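This report describes selected features of the structure shown below. Strand pairing, helix packing and the surroundings of the ligand are treated in turn.

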Amino acid sequence: MFDVEKIREDFPILSREISGRPLIYLDNGATSQTPKCVVDHIADTYYRVNANVHRGVHTLSQEATDAHEAARRRVQQFIGAGSSSEVIFTRGTTEAINLVASSFGDEFLHDGDEIILTVMEHHANIVPWQLLQRRRNIKLRVVPIDERGDLNVDTYKSLFNGHTRLVGVAHVSNVLGTINPVREMIAYAHAQGVPVLVDGAQAVPHLRVNVQELDADFYVFSAHKVYGPTGIGVLYGKEKWLDAMPPYQGGGEMIAHVDFSGTTFGELPFKFEAGTPDYVGTSAFATALDYVDHIGLESIAAHENELLRYTTDRLQDIEGMRIFGTSEHKSSVISFLVDGIHHYDMGMLLDKLGVAVRTGHHCAQPLMTSLGIEGTVRASFAAYNTKAEAEAFVAAVKRVVQMFR
Ligand code: PMP
(Lines give C-alpha, C1' and ligand atoms only; values in the text may rest on other atoms or scores of the structure.)
Protein backbone atom coordinates (compact mmCIF):
# COMPACT_ATOMS: atom_id res chain seq x y z
CA MET A 1 0.00 0.00 0.00
CA PHE A 2 1.33 3.41 -1.00
CA ASP A 3 1.38 5.47 2.19
CA VAL A 4 2.48 9.02 1.39
CA GLU A 5 2.47 10.14 5.03
CA LYS A 6 4.83 7.32 5.92
CA ILE A 7 7.06 8.18 2.96
CA ARG A 8 7.19 11.82 4.13
CA GLU A 9 8.64 10.71 7.45
CA ASP A 10 11.72 9.55 5.53
CA PHE A 11 12.43 13.13 4.36
CA PRO A 12 13.26 15.41 7.30
CA ILE A 13 13.54 18.47 5.02
CA LEU A 14 9.80 18.29 4.30
CA SER A 15 9.04 19.43 7.84
CA ARG A 16 10.78 22.77 7.24
CA GLU A 17 8.86 26.00 7.18
CA ILE A 18 9.46 28.70 4.59
CA SER A 19 8.29 32.23 5.44
CA GLY A 20 6.40 30.77 8.37
CA ARG A 21 4.49 28.28 6.21
CA PRO A 22 4.98 24.58 5.67
CA LEU A 23 7.32 23.92 2.77
CA ILE A 24 5.60 22.57 -0.35
CA TYR A 25 8.47 21.28 -2.44
CA LEU A 26 7.49 21.13 -6.12
CA ASP A 27 10.94 21.50 -7.68
CA ASN A 28 11.59 17.79 -8.01
CA GLY A 29 12.46 18.10 -11.69
CA ALA A 30 15.55 20.05 -10.62
CA THR A 31 16.44 17.73 -7.76
CA SER A 32 14.52 15.34 -5.57
CA GLN A 33 14.91 15.37 -1.82
CA THR A 34 17.04 12.72 -0.16
CA PRO A 35 15.61 10.15 2.23
CA LYS A 36 17.19 9.58 5.60
CA CYS A 37 18.44 6.10 4.65
CA VAL A 38 20.58 7.63 1.89
CA VAL A 39 21.99 10.41 4.09
CA ASP A 40 22.62 7.84 6.86
CA HIS A 41 24.40 5.63 4.35
CA ILE A 42 26.72 8.51 3.42
CA ALA A 43 27.49 9.25 7.09
CA ASP A 44 27.96 5.56 7.87
CA THR A 45 30.40 5.11 4.99
CA TYR A 46 32.50 8.03 6.21
CA TYR A 47 32.31 6.87 9.84
CA ARG A 48 33.00 3.17 9.28
CA VAL A 49 34.30 2.27 5.84
CA ASN A 50 36.00 5.25 4.20
CA ALA A 51 39.02 4.20 2.12
CA ASN A 52 40.04 4.66 -1.48
CA VAL A 53 38.71 1.95 -3.77
CA HIS A 54 40.46 -0.56 -6.06
CA ARG A 55 43.98 -1.90 -5.62
CA GLY A 56 43.93 -1.62 -1.83
CA VAL A 57 44.97 -4.74 0.06
CA HIS A 58 43.61 -3.60 3.38
CA THR A 59 40.15 -4.45 4.68
CA LEU A 60 38.63 -0.98 4.51
CA SER A 61 39.68 -0.53 0.89
CA GLN A 62 38.25 -3.91 0.01
CA GLU A 63 34.97 -3.12 1.74
CA ALA A 64 34.75 0.26 0.00
CA THR A 65 35.53 -1.39 -3.35
CA ASP A 66 32.92 -4.08 -2.79
CA ALA A 67 30.27 -1.47 -1.99
CA HIS A 68 31.21 0.65 -5.03
CA GLU A 69 31.12 -2.32 -7.40
CA ALA A 70 27.93 -3.66 -5.82
CA ALA A 71 26.39 -0.23 -6.56
CA ARG A 72 27.37 -0.63 -10.20
CA ARG A 73 25.59 -3.99 -10.30
CA ARG A 74 22.57 -2.42 -8.57
CA VAL A 75 22.37 0.27 -11.26
CA GLN A 76 22.81 -2.41 -13.93
CA GLN A 77 19.87 -4.30 -12.50
CA PHE A 78 17.74 -1.16 -12.04
CA ILE A 79 18.01 -0.17 -15.71
CA GLY A 80 18.17 -3.69 -17.13
CA ALA A 81 21.69 -3.43 -18.59
CA GLY A 82 23.25 -6.65 -19.87
CA SER A 83 26.52 -6.22 -17.98
CA SER A 84 27.81 -4.07 -15.13
CA SER A 85 30.81 -3.13 -17.28
CA GLU A 86 28.36 -1.16 -19.43
CA VAL A 87 27.61 1.10 -16.43
CA ILE A 88 30.01 4.04 -16.22
CA PHE A 89 29.76 6.32 -13.19
CA THR A 90 29.98 10.04 -13.98
CA ARG A 91 29.25 13.25 -12.08
CA GLY A 92 25.81 13.48 -13.65
CA THR A 93 23.80 13.46 -16.86
CA THR A 94 25.76 16.44 -18.12
CA GLU A 95 29.14 14.77 -17.72
CA ALA A 96 27.80 11.55 -19.25
CA ILE A 97 26.71 13.38 -22.41
CA ASN A 98 29.97 15.32 -22.54
CA LEU A 99 31.81 12.01 -22.32
CA VAL A 100 29.91 10.61 -25.30
CA ALA A 101 30.16 13.84 -27.32
CA SER A 102 33.90 13.96 -26.74
CA SER A 103 34.81 10.29 -27.05
CA PHE A 104 32.22 8.97 -29.53
CA GLY A 105 32.45 12.29 -31.35
CA ASP A 106 36.22 12.09 -31.79
CA GLU A 107 36.09 8.49 -32.94
CA PHE A 108 33.00 8.36 -35.14
CA LEU A 109 32.07 11.86 -36.30
CA HIS A 110 33.75 13.45 -39.28
CA ASP A 111 33.32 16.63 -41.29
CA GLY A 112 29.99 16.59 -43.09
CA ASP A 113 28.31 14.22 -40.61
CA GLU A 114 25.00 15.02 -38.93
CA ILE A 115 23.37 14.53 -35.54
CA ILE A 116 19.61 14.61 -34.98
CA LEU A 117 18.44 16.28 -31.76
CA THR A 118 15.00 17.48 -30.70
CA VAL A 119 13.88 21.01 -29.96
CA MET A 120 12.97 20.01 -26.41
CA GLU A 121 16.51 18.97 -25.40
CA HIS A 122 18.04 20.28 -22.19
CA HIS A 123 21.18 22.35 -22.82
CA ALA A 124 23.13 19.33 -21.54
CA ASN A 125 22.17 17.53 -24.75
CA ILE A 126 22.85 20.50 -27.03
CA VAL A 127 25.97 22.33 -25.89
CA PRO A 128 28.35 19.30 -25.79
CA TRP A 129 27.49 18.71 -29.47
CA GLN A 130 28.11 22.36 -30.24
CA LEU A 131 31.53 22.09 -28.56
CA LEU A 132 32.22 19.14 -30.84
CA GLN A 133 31.29 21.40 -33.76
CA ARG A 134 34.40 23.44 -32.94
CA ARG A 135 36.50 20.41 -33.82
CA ARG A 136 34.35 18.85 -36.53
CA ASN A 137 32.29 20.44 -39.24
CA ILE A 138 29.09 18.62 -38.29
CA LYS A 139 25.47 19.67 -38.66
CA LEU A 140 22.80 19.51 -35.94
CA ARG A 141 19.32 18.76 -37.24
CA VAL A 142 16.38 19.45 -34.97
CA VAL A 143 13.05 17.63 -34.62
CA PRO A 144 10.20 20.09 -33.93
CA ILE A 145 7.11 19.59 -31.72
CA ASP A 146 3.40 20.08 -32.31
CA GLU A 147 1.11 22.32 -30.23
CA ARG A 148 0.64 19.63 -27.56
CA GLY A 149 4.36 19.18 -27.12
CA ASP A 150 4.67 15.88 -28.96
CA LEU A 151 7.61 15.33 -31.28
CA ASN A 152 6.77 15.37 -34.95
CA VAL A 153 7.75 11.80 -35.78
CA ASP A 154 7.32 12.20 -39.54
CA THR A 155 9.78 15.08 -39.54
CA TYR A 156 12.11 13.01 -37.36
CA LYS A 157 12.15 10.28 -39.99
CA SER A 158 12.63 12.78 -42.80
CA LEU A 159 15.80 14.19 -41.15
CA PHE A 160 17.79 10.98 -41.69
CA ASN A 161 20.14 10.84 -44.63
CA GLY A 162 23.42 9.16 -45.51
CA HIS A 163 25.33 11.57 -43.24
CA THR A 164 23.36 10.88 -40.02
CA ARG A 165 25.65 9.39 -37.37
CA LEU A 166 23.74 9.78 -34.10
CA VAL A 167 20.36 10.69 -32.57
CA GLY A 168 20.15 12.42 -29.18
CA VAL A 169 16.73 12.56 -27.54
CA ALA A 170 15.28 13.23 -24.10
CA HIS A 171 13.19 10.34 -22.84
CA VAL A 172 11.04 12.83 -20.91
CA SER A 173 11.07 16.61 -21.42
CA ASN A 174 12.02 18.55 -18.29
CA VAL A 175 9.69 21.37 -19.38
CA LEU A 176 6.75 19.78 -21.17
CA GLY A 177 6.74 16.46 -19.39
CA THR A 178 6.26 14.75 -22.75
CA ILE A 179 7.28 11.10 -22.70
CA ASN A 180 8.87 10.65 -26.09
CA PRO A 181 8.36 7.43 -28.10
CA VAL A 182 12.02 6.55 -27.72
CA ARG A 183 11.60 2.85 -28.37
CA GLU A 184 10.05 3.55 -31.80
CA MET A 185 12.58 6.30 -32.50
CA ILE A 186 15.45 3.95 -31.68
CA ALA A 187 14.00 1.18 -33.86
CA TYR A 188 13.72 3.62 -36.76
CA ALA A 189 17.26 4.96 -36.25
CA HIS A 190 18.68 1.44 -36.05
CA ALA A 191 16.95 0.52 -39.30
CA GLN A 192 19.04 3.35 -40.81
CA GLY A 193 22.17 2.07 -39.04
CA VAL A 194 22.25 5.04 -36.62
CA PRO A 195 22.86 4.74 -32.85
CA VAL A 196 20.79 6.68 -30.27
CA LEU A 197 21.67 8.45 -27.03
CA VAL A 198 18.72 8.84 -24.66
CA ASP A 199 18.78 11.53 -21.98
CA GLY A 200 16.86 9.78 -19.22
CA ALA A 201 17.37 12.42 -16.49
CA GLN A 202 13.63 13.05 -16.17
CA ALA A 203 12.54 9.50 -16.98
CA VAL A 204 14.35 7.27 -14.51
CA PRO A 205 12.61 8.81 -11.43
CA HIS A 206 9.17 8.19 -12.94
CA LEU A 207 9.22 5.32 -15.43
CA ARG A 208 10.55 1.79 -15.33
CA VAL A 209 13.41 1.95 -17.81
CA ASN A 210 14.94 -1.12 -19.40
CA VAL A 211 17.81 -0.11 -21.63
CA GLN A 212 17.91 -3.48 -23.37
CA GLU A 213 14.19 -3.42 -24.18
CA LEU A 214 14.59 0.11 -25.50
CA ASP A 215 17.70 -1.06 -27.35
CA ALA A 216 19.32 2.29 -26.46
CA ASP A 217 22.96 2.63 -27.46
CA PHE A 218 23.57 5.18 -24.69
CA TYR A 219 21.29 6.02 -21.77
CA VAL A 220 22.23 8.71 -19.24
CA PHE A 221 20.75 9.99 -15.98
CA SER A 222 21.55 11.64 -12.62
CA ALA A 223 21.25 10.14 -9.13
CA HIS A 224 20.12 13.41 -7.52
CA LYS A 225 16.81 13.30 -9.36
CA VAL A 226 16.11 9.73 -8.17
CA TYR A 227 16.35 10.35 -4.39
CA GLY A 228 20.11 9.77 -4.55
CA PRO A 229 23.08 11.99 -3.70
CA THR A 230 24.26 14.84 -5.86
CA GLY A 231 27.43 14.44 -7.92
CA ILE A 232 26.68 10.96 -9.26
CA GLY A 233 25.48 10.14 -12.74
CA VAL A 234 25.30 7.13 -14.98
CA LEU A 235 26.34 6.54 -18.53
CA TYR A 236 24.99 3.25 -19.82
CA GLY A 237 26.58 2.35 -23.14
CA LYS A 238 26.48 -0.78 -25.23
CA GLU A 239 29.76 -2.60 -24.88
CA LYS A 240 30.37 -2.55 -28.63
CA TRP A 241 30.40 1.27 -28.58
CA LEU A 242 32.26 1.73 -25.30
CA ASP A 243 34.93 -0.72 -26.42
CA ALA A 244 35.44 1.20 -29.64
CA MET A 245 35.54 4.63 -27.96
CA PRO A 246 38.76 6.25 -26.68
CA PRO A 247 39.06 7.32 -23.00
CA TYR A 248 37.49 10.64 -22.07
CA GLN A 249 39.92 11.64 -19.33
CA GLY A 250 43.29 10.24 -18.38
CA GLY A 251 44.76 9.50 -14.97
CA GLY A 252 44.75 6.87 -12.27
CA GLU A 253 42.18 4.06 -12.16
CA MET A 254 41.68 3.98 -15.95
CA ILE A 255 44.99 2.44 -17.05
CA ALA A 256 46.38 -1.07 -17.51
CA HIS A 257 50.03 0.00 -17.70
CA VAL A 258 51.77 3.37 -17.91
CA ASP A 259 55.17 4.00 -19.37
CA PHE A 260 56.68 7.19 -20.76
CA SER A 261 56.84 5.42 -24.09
CA GLY A 262 53.08 4.79 -23.99
CA THR A 263 50.08 3.75 -21.90
CA THR A 264 47.57 0.94 -22.24
CA PHE A 265 44.09 1.51 -20.91
CA GLY A 266 42.03 -0.49 -18.48
CA GLU A 267 39.04 -2.66 -19.30
CA LEU A 268 35.48 -1.38 -19.19
CA PRO A 269 34.13 0.30 -17.18
CA PHE A 270 37.40 1.63 -15.71
CA LYS A 271 38.65 2.98 -19.03
CA PHE A 272 36.11 5.81 -18.61
CA GLU A 273 36.56 6.42 -14.89
CA ALA A 274 39.79 8.37 -14.39
CA GLY A 275 40.68 9.34 -10.84
CA THR A 276 39.18 8.44 -7.48
CA PRO A 277 35.47 7.89 -7.99
CA ASP A 278 32.79 9.17 -5.63
CA TYR A 279 32.51 5.75 -4.01
CA VAL A 280 30.57 7.20 -1.07
CA GLY A 281 28.02 8.58 -3.51
CA THR A 282 27.74 5.47 -5.65
CA SER A 283 27.01 3.17 -2.74
CA ALA A 284 24.53 5.70 -1.30
CA PHE A 285 22.89 5.80 -4.73
CA ALA A 286 22.38 2.03 -4.54
CA THR A 287 20.55 2.64 -1.25
CA ALA A 288 18.36 5.22 -3.01
CA LEU A 289 17.48 2.68 -5.71
CA ASP A 290 16.64 0.13 -3.00
CA TYR A 291 14.41 2.78 -1.44
CA VAL A 292 12.60 3.40 -4.74
CA ASP A 293 12.13 -0.31 -5.34
CA HIS A 294 10.90 -0.79 -1.80
CA ILE A 295 8.08 1.70 -2.41
CA GLY A 296 7.69 0.56 -6.03
CA LEU A 297 8.35 2.78 -9.02
CA GLU A 298 4.97 1.87 -10.49
CA SER A 299 3.19 2.99 -7.29
CA ILE A 300 5.22 6.20 -7.26
CA ALA A 301 4.31 6.89 -10.89
CA ALA A 302 0.61 6.18 -10.28
CA HIS A 303 0.61 8.58 -7.33
CA GLU A 304 2.44 11.30 -9.25
CA ASN A 305 0.11 10.91 -12.23
CA GLU A 306 -2.88 11.40 -9.99
CA LEU A 307 -1.34 14.62 -8.64
CA LEU A 308 -0.55 15.71 -12.20
CA ARG A 309 -4.13 15.17 -13.40
CA TYR A 310 -5.67 16.80 -10.34
CA THR A 311 -3.40 19.86 -10.41
CA THR A 312 -3.69 20.32 -14.19
CA ASP A 313 -7.51 20.26 -13.96
CA ARG A 314 -7.58 22.80 -11.14
CA LEU A 315 -5.05 25.15 -12.70
CA GLN A 316 -7.06 25.23 -15.89
CA ASP A 317 -9.91 26.97 -14.03
CA ILE A 318 -7.69 30.04 -13.64
CA GLU A 319 -8.35 32.76 -16.19
CA GLY A 320 -5.39 33.45 -18.47
CA MET A 321 -3.69 30.13 -17.59
CA ARG A 322 -1.50 28.63 -20.31
CA ILE A 323 -0.10 25.16 -19.72
CA PHE A 324 2.80 24.13 -21.94
CA GLY A 325 2.83 20.43 -22.71
CA THR A 326 -0.50 18.65 -22.94
CA SER A 327 0.64 15.38 -24.45
CA GLU A 328 -1.35 12.26 -23.67
CA HIS A 329 1.97 10.70 -22.77
CA LYS A 330 3.08 12.97 -19.99
CA SER A 331 5.12 12.69 -16.81
CA SER A 332 4.59 14.69 -13.62
CA VAL A 333 5.73 18.14 -14.72
CA ILE A 334 3.47 21.19 -15.20
CA SER A 335 4.92 24.23 -16.95
CA PHE A 336 2.64 27.24 -17.07
CA LEU A 337 2.24 30.98 -17.44
CA VAL A 338 -0.61 33.22 -16.41
CA ASP A 339 -1.34 36.12 -18.76
CA GLY A 340 0.10 39.38 -17.47
CA ILE A 341 2.25 37.78 -14.73
CA HIS A 342 5.97 37.31 -15.21
CA HIS A 343 7.19 33.82 -14.30
CA TYR A 344 9.76 35.25 -11.84
CA ASP A 345 7.06 37.23 -10.03
CA MET A 346 4.90 34.13 -9.79
CA GLY A 347 7.83 32.06 -8.50
CA MET A 348 8.91 34.62 -5.92
CA LEU A 349 5.42 35.14 -4.57
CA LEU A 350 4.80 31.40 -4.43
CA ASP A 351 7.99 31.12 -2.38
CA LYS A 352 6.55 33.63 0.09
CA LEU A 353 3.60 31.24 0.39
CA GLY A 354 5.94 28.33 1.10
CA VAL A 355 5.81 26.79 -2.38
CA ALA A 356 9.08 25.93 -4.13
CA VAL A 357 8.74 25.90 -7.91
CA ARG A 358 11.24 26.56 -10.67
CA THR A 359 11.01 29.56 -12.98
CA GLY A 360 12.88 30.57 -16.11
CA HIS A 361 14.01 28.76 -19.23
CA HIS A 362 14.80 25.46 -17.47
CA CYS A 363 18.02 25.08 -19.49
CA ALA A 364 15.89 24.65 -22.60
CA GLN A 365 16.19 28.00 -24.34
CA PRO A 366 15.70 26.62 -27.87
CA LEU A 367 12.39 25.15 -26.68
CA MET A 368 11.41 28.52 -25.15
CA THR A 369 12.23 30.22 -28.45
CA SER A 370 10.11 27.74 -30.38
CA LEU A 371 7.21 28.37 -27.96
CA GLY A 372 7.69 32.13 -28.34
CA ILE A 373 8.24 32.67 -24.61
CA GLU A 374 11.16 33.46 -22.30
CA GLY A 375 10.33 31.09 -19.51
CA THR A 376 7.65 29.35 -17.52
CA VAL A 377 6.78 28.45 -13.96
CA ARG A 378 7.34 24.73 -13.45
CA ALA A 379 5.89 22.51 -10.75
CA SER A 380 7.09 18.91 -10.64
CA PHE A 381 6.02 16.10 -8.33
CA ALA A 382 7.74 13.30 -6.46
CA ALA A 383 6.64 10.36 -4.33
CA TYR A 384 6.29 12.45 -1.16
CA ASN A 385 3.97 15.15 -2.52
CA THR A 386 0.39 14.99 -1.31
CA LYS A 387 -3.01 15.90 -2.68
CA ALA A 388 -3.27 18.49 0.12
CA GLU A 389 -0.05 20.06 -1.18
CA ALA A 390 -1.43 20.08 -4.71
CA GLU A 391 -4.57 21.83 -3.42
CA ALA A 392 -2.50 24.34 -1.45
CA PHE A 393 -0.33 24.97 -4.51
CA VAL A 394 -3.37 25.72 -6.69
CA ALA A 395 -4.77 27.99 -3.97
CA ALA A 396 -1.40 29.78 -3.78
CA VAL A 397 -1.33 30.33 -7.56
CA LYS A 398 -4.88 31.73 -7.37
CA ARG A 399 -3.82 34.05 -4.58
CA VAL A 400 -0.90 35.37 -6.60
CA VAL A 401 -3.18 35.88 -9.60
CA GLN A 402 -5.58 37.88 -7.40
CA MET A 403 -2.74 40.15 -6.27
CA PHE A 404 -2.19 41.11 -9.90
CA ARG A 405 -5.85 41.59 -10.87
N1 PMP B 1 18.77 16.53 -19.06
C2 PMP B 1 17.56 16.77 -18.54
C3 PMP B 1 16.34 16.38 -19.30
C4 PMP B 1 17.46 17.38 -17.27
O5 PMP B 1 16.27 17.63 -16.75
C6 PMP B 1 18.65 17.70 -16.58
C7 PMP B 1 18.59 18.35 -15.20
N8 PMP B 1 17.87 19.53 -15.14
C9 PMP B 1 19.87 17.43 -17.17
C10 PMP B 1 19.90 16.84 -18.41
C11 PMP B 1 21.17 17.76 -16.49
O12 PMP B 1 21.34 16.98 -15.36
P13 PMP B 1 22.57 17.26 -14.36
O14 PMP B 1 22.53 18.73 -14.08
O15 PMP B 1 22.25 16.42 -13.18
O16 PMP B 1 23.80 16.85 -15.06
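In this predicted model, strand β14 is covered on both of its faces: Val333, Ser335 and Leu337 are buried on one side, and Ile334, Phe336 and Val338 are buried on the other. In a regular strand, side chains alternate between the two faces of the sheet. Counted along the strand, which spans residues 333-338, six of the six residues of β14 are buried.

Strand β14 has pairing partners in β13 and β17. Strand β13, residues 321-324, pairs with β14 in the antiparallel sense over four bridges; within this pair, methionine 321 stands opposite valine 338 of β14. Strand β17, residues 376-380, is likewise antiparallel to β14, again over four bridges. Here serine 335 has arginine 378 of β17 as its bridge partner.

A further sheet is open and comprises seven strands with mixed pairing, arranged in the order β4-β10-β9-β8-β7-β5-β6. Its edges are formed by β4 (87-90) and β6 (139-143), each of which pairs on one side only. On average, neighbouring strands of this sheet are turned by 20 degrees against each other, direction ignored. At the β6 edge, β5 (residues 114-118) and β6 pair in the parallel sense over five bridges, and glutamate 114 has lysine 139 in β6 as its bridge partner.

Helix α4, residues 93-108, packs on this seven-stranded sheet and touches β4, β7 (164-170), β8 (196-199), β9 (218-222) and β10 (233-237). The direction of α4 makes about 35 degrees with that of β10.

The strand pairs described above are collected in the following table.

| Strand pair | Sense | Bridges |
|---|---|---|
| β5 and β6 | parallel | five bridges |
| β13 and β14 | antiparallel | four bridges |
| β14 and β17 | antiparallel | four bridges |

The ligand is surrounded by 13 residues, of which the closest are Gly92, Thr94, His122, Asn174 and Ser222. Sorted by class, this shell contains five nonpolar, seven polar and one charged residues. Thr94 belongs to the closest group around the ligand and also lies within the range of helix α4, residues 93-108. Ser222, another of the closest residues, falls within β9 (218-222), a strand that α4 touches.

At the level of the chain, an unreviewed UniProt entry places the feature "domain: Aminotransferase class V" at residues 24-393. Over residues 24-393 the chain is 40% helix and 18% strand, with the end C-alpha atoms 8 Å apart.

Definitions and conventions
Residues are numbered from 1 along each chain as its sequence is written. This is a predicted model: local features need pLDDT of at least 70, side-chain atom pairs count only at pLDDT 80 or more; totals for chains, interfaces and linings use all residues. Two strands pair if DSSP finds at least two bridges between them. Helices (H or I, at least four residues) and strands (E, at least two) are DSSP runs, numbered from the N terminus. Axes are lines fitted to C-alpha atoms, for helices over the stretch in contact, and angles run from 0 to 180 degrees between N-to-C directions. Two residues are in contact if their C-beta atoms, placed from the backbone, lie within 7 Å. A residue is near a molecule or strand if its C-beta atom, placed from the backbone, lies within 6 Å of it. Ala, Val, Leu, Ile, Met, Phe, Trp, Tyr, Cys and Pro count as nonpolar, Asp, Glu, Lys and Arg as charged, and the others, Gly among them, as polar. A residue is buried if 20 or more other C-beta atoms lie within 10 Å of its own, exposed if 12 or fewer, and partly exposed in between; C-beta atoms are placed from the backbone. UniProt positions are given in the numbering used here, feature names are shortened, and annotations may be inferred rather than shown by experiment.
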